[in-house]
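Let us walk through a protein model together, one part at a time. Keep the sequence and the 3D view open as you read.

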Amino acid sequence: LVQRGVVQVMEGRHCFAHLTIEENLLTGAYTLKSKAEVAANLEKVYNYFPRLKTRRTSQAAYTSGGEQQMCAIGRALMASPTMVLLDEPSEGLAPVIVEEMAKTILARFGFRRVLTVNAVVGAALIAGIVGSLGYILWFMFTKCTKPERERLALAVFLIFGAVVFWTLFEQAGTSLNLFAATNVDMTITRHATSFLGIPMGSAEQLAAAGIHPGSAFGWIDTGIGPAQTQSFNAGFILIFAPVFAAMWAWLGKHNFAANPTLTFGLGLIQVGLGFRVVVWGAGMADSAFRMPLMMLGLLYLLHTTGELFLSPVGMSEITKLSMPTVVSFMMAVWFLASSVAQFVGGAIAAKMGNETIGGQVLDPKLALETSLHGFNQLGWGGVICGGVFIALSFFIRGWSHQVKTEAHAEIEA
């Protein structure tokens, strides 16, 4: 493919850390036979990205994230390509760096020379959801009776709520993970201690207390990594799923089950409040601009309870509300909505990125302010959307026309 003129800049930059910037660039020209062409392409890359020329003798590991991304793009251009595929070129970068690279790429190569994988995926998702909604509207007004039309309209409304919810919820693997790595104190204990004579604490806490693990059992590390916070949601699911299952069964048996729009609204409010909890706890940040791990735990707790309100109810309602001839199609649209949410969530996370050098954030204070500003907007967005859903639930609750599943019928019997 490279010899045919197609090259890809992979997600995550993937520069060779131990090589210099110029050595990284030259690895992209391995298909070229002419040394003159290699030299000419190298000079072009330096003209496109002047910053790389000033850092050409620096090891890639000690350059900023923006410089590494420029290096990855420059390395692709060294092969004299006719098409460049860019996969998530803005990931983890400060908005100013993203803007600088976008201007350089579009000004130097034009829209016909650069194709972004992210843009293609986004366009495909938008086309898919627009086409799906168009078909649903056509089906509603040409094939359905009034009750059937209202049930499908309610299903579409719930799908829109799912897009908003998953857009916020899926920040867990992007902006929330970066936030945990930079602005959260990832230790469970506040200071070094011992348990049954075994030292307990993070490596930093033990060193600060002058404790040297000498036990045959070593020591208990109470520090966790940012990636491990992704298990919070799974842990809360294991704890609360039986509770919610029993609650839904009890409500259904006693005819107290809330209408789906109200349930979705409560789920949206909870996912929004999760972000708001972190914003409200901003004053708890220490001198290193790190917040207590407890605040992140509360965020994931609210996100999990919101998921337990929305996710099982949503899939059930889409099946119940859809006509038999389009039920599989509506389920496909439900999962397509999750993909759209992932795409939108990724775009939001990219706006909240911060500049790094060697994978380390340059300004933790700015990173905290940027994250809290983003979380504040996401939080209010979830709360407001949830409030709208709750308000509308009293007006459109009749659209379901008392559709019940066999399971509900058995419960009532």
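The report below covers confidence, cores, two helices and two loop residues.

This is a predicted model, in which local features need pLDDT of at least 70, side-chain atom pairs count only at pLDDT 80 or more, and totals for chains, interfaces and linings use all residues. Residues are numbered from 1 along each chain as its sequence is written, and side-chain values use heavy atoms, with hydrogens and water left out.

**Confidence**

pLDDT is the predictor's confidence in each residue, from 0 to 100. Its mean over the protein is 82, and 84% of the residues reach 70 or more. Helices (H or I, at least four residues) and strands (E, at least two) are DSSP runs, numbered from the N terminus. Among these elements, α11 has the highest mean pLDDT (94), while helix α15 (residues 406–412) has the lowest (39). Over residues 405–413, pLDDT stays under 50. Where pLDDT is low, the predicted coordinates should not be read in detail.

**The cores**

A nonpolar core is a set of buried Ala, Val, Leu, Ile, Met, Phe, Trp, Tyr and Cys residues joined through side-chain atoms within 4.5 Å. Here, buried means under 20% relative accessible area, exposed over 50%, and partly exposed in between (1.4 Å probe, protein chains only). The largest core holds 60 residues, and Phe 264 is one of those that touch the most other members. Helix α7 gives the most to this core, with 13 residues. Beyond its neighbours within four places in sequence, Phe 264 is in contact (heavy atoms within 4.5 Å) with residues including Leu 158, Trp 334 and Phe 389. A second, separate core has 25 residues, among them Val 38 and Phe 49.

**Two helices**

The expected span of a helix is 1.5 Å times one less than its number of residues. How do α12 and α14 fare?

| Helix | Residues | Expected span | Distance between end C-alpha atoms |
|---|---|---|---|
| α12 | 29 residues | 42 Å | 41 Å |
| α14 | 33 residues | 48 Å | 47 Å |

Helix α12 is largely enclosed by the rest of the structure, because 21 of its 29 residues are buried. It bends by about 30 degrees at Glu 307 (the angle between axes fitted to the seven residues ending there and the seven starting there).

**Two loop residues**

Most residues other than glycine have a negative phi. Ser 80, however, has a positive phi near 55 degrees, and Phe 289 has one of about 60 degrees. Ser 80 lies in the loop between α4 (65–77) and β2 (83–86), and Phe 289 in the loop between α11 and β7 (291–292).
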